[in-house]
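Me: Could you take a close look at one part of this model with me? I would like to hear how one of its sheets is put together and what packs on that sheet.

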Amino acid sequence: MKGNKPVVAVVGATGAVGKEMLLILESRDFPVAQVRAFASERSVGEKVPFQGGEIVVEALTEDSFEGIDLALFSAGKDTSEKFTPCAVKAGCVVIDNSNAWRMDTSVPLVVPEVNPDDLKWHRGVIANPNCSTIQMVAVLKPLHDAATIQRIVISTYQAVSESGQKGISELESQILHLMNGQDADTHVYPHQIAFNCLPHIDSFLDNDYTKEEMRMVKETRKILGDDSLRITATACRVPVFYGQSESVNIETAKKLTPKEARAILCQTPGVEVFDNPHENIYPMPFAAVGEDSIFVGRIREDESIERGLNLWIVADNIRKGAALNAVQIAEKVLEMDLLRVS
Ligand code: A2P
């Protein structure tokens, strides 16, 4: 700490989420004594903009964390697994955007609007949930409090930016090639993503679900603190650059009408209700890009069961789904005076 302000590291500062983290730290006036930017050897010497100046990117090594109080990691699971222990050993609190630690029982998994109190038991590492989970639990938490959700059925429509810069480049280049009558090369996904949908995010498990689908199941139970929740998910990659959409069906113990759900969600911090279908008003990824809020609409009764609702939930996967949620966790850590490793 320098003058009561933390020295902050962004690990993965040249990536899609890391760049957004820097922008959000700046735009929210996050108090910093200094910000340092780390990436792989490939990017050493590159410059990233911050507060009107530039930060020179450093290579990440095991000794990088001396003098750093808080590190925001978004450099993939392997980098997190390798370097988080060094950071914690150096007394640094890590907020990790990868899936390296999310299901570790000693690591809180936090959406600040939903379970901020879980931050109190961190031991140096705090996990940022998967983007699909963040936007869903922020909407479902107040409905769960009001009517006790018993079952959730999820279908996702996930943007290529979730795969980082390489996902964005793959869709861009495939569109360009195909529109020019050329073949589209496939490197990142198992099939062409341009003009296509892939019901396949991350690898398949023995139960024929993908890791992404099971992450949504397990992370949701952990964040809502309810292992009895019955949840099933289908995760689909769609040819959208930014913005994550989800169709979510819930079954509740107590009857909740769409009107009551709308009224609750209108009062929920971080959530905006966009729900006037007869005027063509509903959330869309295109409109959510660059926004901090999570948008919910198409709230309607599931007429096939006694106590069920359908919802359509959309957010900017790079902002609330990743960088913004990480910075909001950091803000809570400061506010709750938890910037220490216990
Ligand atoms: P680099 O740009 O040097 O490869 P994205 O998710 O957009 O692909 O970005 C991933 C981020 O993680 C980039 O900033 C990338 O840096 C960084 N990164 C990848 N591997 C490592 C590593 N071994 N050590 C540090 N940073 C890494």
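Reply: Happy to; here is a walk through the six-stranded sheet and its surroundings. Please keep in mind that the model is predicted.

The sheet is open, and its six strands follow the order β9-β8-β10-β13-β12-β11 with mixed pairing. At the edges stand β9 (230-237) and β11; each has a single partner strand, so one side of each is left without a neighbour in the sheet. From one strand to the next, the twist averages 20°.

Let's zoom in on one pair. Strand β10, residues 244-252, runs antiparallel to strand β13, residues 308-315, and eight bridges join the two. Within this pair, Ser247 has Trp312 of β13 as its bridge partner.

Now for the helices. Helix α3 (residues 131-147) packs on the sheet, where it touches β8 (149-158), β10, β11, β12 (294-301) and β13. The direction of α3 makes about 25° with that of β10. Helix α5 (residues 211-224) packs on the sheet too, touching β8, β9 and β10. Its angle is taken against β9, and comes to about 140°.

Finally, follow the chain on from the edge strand β11. The loop between β11 (271-273) and α7 (285-288) holds Tyr282. With a relative accessible area of 32%, Tyr282 is partly exposed. Together with Met284 and Phe286, Tyr282 makes a nonpolar surface patch of about 340 Å². Tyr282 can count towards that patch because its 32% passes the requirement of over 30% relative accessible area.

Conventions:
Residues numbered from 1 in each chain as written. Predicted model: local features only at pLDDT ≥ 70, side-chain atom pairs only at ≥ 80, totals over all residues. Heavy atoms only, no water. Patch = residues over 30% accessible without salt bridge, like charges linked within 9 Å, V, L, I, M, F, W, Y side chains within 5 Å. Areas by Shrake-Rupley, 256 points an atom, 1.4 Å probe, with all protein chains shown as cover. Salt bridge = Lys/Arg side-chain N within 4 Å of Asp/Glu carboxyl O. Helix = DSSP H or I, 4+ residues; strand = E, 2+ residues; numbered from the N terminus. Buried < 20%, exposed > 50% of the residue type's maximum accessible area, 1.4 Å probe, protein only. Pairing = 2+ DSSP bridges. Axes fitted to C-alpha atoms, helices over the stretch in contact; angles between N-to-C directions. Contact = heavy atoms within 4.5 Å.
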